[in-house]
Amino acid sequence: MKARVLIAALALLATSCGNPFEGGAEGGTTGDIIIGASDVGESLLLAQIYAGALRNAGAENVKVRPPVGSREVVVKALQDKSLSVVPDYSGNLLRYFDKNTQATTPQAVYAELKQKIPARFEVLEQAPAEDKDLLVVRPELGIKTFSELGPRCKDLVFGGPGQWSTRWKEKIKALYGCEFKEIRTTDTGGPVTVAALKSGDVQVVDLFSTSSTIAANGFVALQDDKNMFPAQNIVPLVAKGTLSDAEVQALNRASAALTTEKLVKLNVQYTEEKRNAIDIADEFLRESGLKS
């Protein structure tokens, strides 16, 4: 559901010229390791963490290239190896390769993703950190789970992205018996959605698990106790053959150190404290024992 994932662009590309991950450009590398990042703060932070981890492993030819543009552009760049690595999200990658997947848990999503990804690409080890959809309410509603929400939906107004109705309306009805009194389009996990929940204009919203606004406003993130939303663990997507074994292990160690709680803090430092992404990444790596 994240705008930065641009599933629609992928779908259009797949229907117009086949699966962009299957065959195509043959290019080569210039000898540089090029890490792609979007202009979204979290993507920039992850790219700088990857860059720092690789440099600490001895790589001297690492560059971060933001913004890389749409997913279509990223895919082509990975194909011709003008990009080497991009941070991505496990559930969205799997959904692209298999739109009918039923996997939702981190382990199941990652296992299927490893099976579905074409040979030209590879995904490295996933981080414990997730940036996934959450349903969020104010504490006075007095509930903690989706199952508790279900029977109360008929009296509640939901606020979230425009694609909610087409993607999740029937799913939440089937799993939890939830049919909202009204569904309003606010924005995709942004300030309009937060303001609507704060004001009481809506009573349930869709936010993301790394959003600092949840704790800052005392909101309650509901437990998705039947796993409606698929896992979205952070995972490096790599053009195969662009990294050495030592460099792969360096990224795997960085991913292992990255939890959702830590990622929330990194996002706060970047978006609210306005710190430099390189400085934040360096501090994270040092504190994680990954940089001297």
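Begin by selecting cysteine 153, which is buried, with a relative accessible area of 0%. Keep in mind throughout the tour that the model on your screen is a predicted one.

Next, add cysteine 178 to the selection, a residue that is also buried, its relative accessible area being 2%. Show the side chains of both residues, and you will find that cysteine 153 and cysteine 178 form a disulfide in which the sulfur atoms are 2.0 Å apart; the structure holds one disulfide. If you look along the S-S bond, the angle about it is -100°, and the link of cysteine 153 and cysteine 178 is left-handed. Now colour the surroundings to see what this link connects: cysteine 153 sits in the loop between helix H6 (146-149) and strand S6 (157-160), while cysteine 178 sits in the loop between helix H8 (169-176) and strand S7 (182-185), so that the pair links distant parts of the chain, 25 residues apart.

From here, turn to the aromatic rings, where a search of the whole structure finds six aromatic pairs. For one of them, select tryptophan 164 and phenylalanine 229, whose ring centres are 6.3 Å apart and whose planes stand at 65°, so the pair is edge-to-face. Because tryptophan 164 lies in helix H7 (residues 164-167) and phenylalanine 229 in the loop between strand S9 (220-221) and strand S10 (234-239), the pair ties together parts that are 65 residues apart in sequence. Tryptophan 164 counts as buried at 0% relative accessibility, and phenylalanine 229 counts as buried at 2%.

Finally, widen the selection to Phe146, Phe158, Trp164, Trp168, Tyr176, Phe180 and Phe229, which form one aromatic cluster.

Note on methods
Residues numbered from 1 in each chain as written. Predicted model: local features only at pLDDT ≥ 70, side-chain atom pairs only at ≥ 80, totals over all residues. Heavy atoms only, no water. Phe/Tyr/Trp six-rings, centres within 6.5 Å; stacked < 30°, edge-to-face > 60°. Helix = DSSP H or I, 4+ residues; strand = E, 2+ residues; numbered from the N terminus. Buried < 20%, exposed > 50% of the residue type's maximum accessible area, 1.4 Å probe, protein only. Disulfide = S-S within 2.5 Å.
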